[in-house]
Structures are given as C-alpha cells and as structure tokens.
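Today I went through the main pocket, then the strand in the middle of my notes. Here is what I was looking at.

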Amino acid sequence: MSAPVNDCLFCKIVAGEIPGQIVHTTERSIAFRDINPQAPTHVLVVPREHHENVGELGAADPAGLADLVAAAGEVARLEGLAGYRLIFNTGRAGGQTVFHAHGHVLGGKNLDEHLA
C-alpha cells in the first residue's frame with residue numbers, strides 16, 4: 001500500500017484536506033470534476049492510494065487499476081454520456097502535471113475532433 005504524499009494535491013483531495021466536487025467514490029478510488037475542464041464533462045478518477053502514474057499503479061496494484069477503469073465507466077453512466085474518452089497522461093513528457101495516477105473522463109460533446 002502506498003502512503004499519501006504530503007505535498008500531493010490529489011492525496012489532499014482524497015483525504016478531504018482540499019475540497020473537490022466529488023461525483024463518485026469506491027473503496028479504492030474517488031472521482032471529482034476537473035477545475036480546468038477540457039470538455040463539457042471532465043472528471044478525474046484517482047486511486048485513493050498514491051502511485052506516481054498509471055504505469056506504477058498497474059504494476060503495483062492491478063486490481064486498483066481495474067477499479068479505476070470501472071469507476072470511470074460508472075462516472076460516464078452517471079453523467080449520461082453516450083460516449084467518452086478515458087485518458088491517462090504519464091510522465092512530464094506525456095503531459096502529466098500532477099504526479100498521482102489519474103484518468104480523465106472526457107465527454108459531453110462530439111470527441112471525434114482533437115481536444116485542446
């Protein structure tokens with residue numbers, strides 16, 4: 001089990017130290033609205049345990065990764081999305097800016113075009 005990291009924004013949201021607009025929770029994950037949405041629906045799904053990126057999460061806790069993906073599907077259902085993207089940015093060069101594994105659930109518009 002990975003312990004929370006004191007300076008990690010998402011660990012603080014999971015712990016309730018920083019508020020987030022929570023839309024779904026499971027025993028292993030929490031989903032909340034992104035403060036800088038890139039689509040009409042933009043929800044972040046994060047594991048409750050700290051893992052730096054999705055690769056580390058998958059290697060250390062495959063069941064946790066499965067829960068994260070299932071939670072993303074439930075978020076899409078709850079949000080009434082006909083289709084959605086689930087995106088994981090991994091590493092600085094991959095666009096990751098918060099180094100706590102997380103998936104972006106994007107939807108609410110036609111996503112056949114490139115998202116900014």
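My entries on the pocket and the strands follow.

**Ground rules.** I'm working on a predicted model, where local features need pLDDT of at least 70, side-chain atom pairs count only at pLDDT 80 or more, and totals for chains, interfaces and linings use all residues. Numbering runs from 1 along each chain as its sequence is written, and side-chain values use heavy atoms, with hydrogens and water left out.

**Pocket.** I looked up the largest pocket (an open set of points on a 1 Å grid over the protein atoms alone, where a 1.4 Å probe fits, with protein on both sides within 12 Å along at least five of seven lines). I get about 570 Å³ for its volume, meaning the space filled by probe spheres set on the points. Its lining (residues with an atom within 4 Å of a point) has 27 residues, and Asp34, Asn36, His42, Leu44 and His104 lie nearest the centre. By class I have 13 nonpolar, 11 polar (Gly counted here) and 3 charged. α1 (9-14) gives the most, 3 residues; β3 (41-47) and β5 (103-107) are among the elements supplying at least two each. Helices here are DSSP runs of H or I, at least four residues, and strands are E runs of at least two.

**β3.** All 7 of its 7 residues are buried (under 20% relative accessible area, 1.4 Å probe, protein chains only), so β3 is largely enclosed by the rest of the structure. His42, Leu44 and Val46 point one way, and Thr41, Val43, Val45 and Pro47 the other. In a regular strand, side chains alternate between the two sheet faces.

**Partners.** Pairing needs at least two DSSP bridges. β3 pairs antiparallel with β2 over 5 bridges, with Ala31 opposite Val45. β3 and β5 also pair antiparallel, over 5 bridges, and Thr41 stands opposite Gly107.

Definitions and conventions:
Buried < 20%, exposed > 50% of the residue type's maximum accessible area, 1.4 Å probe, protein only.
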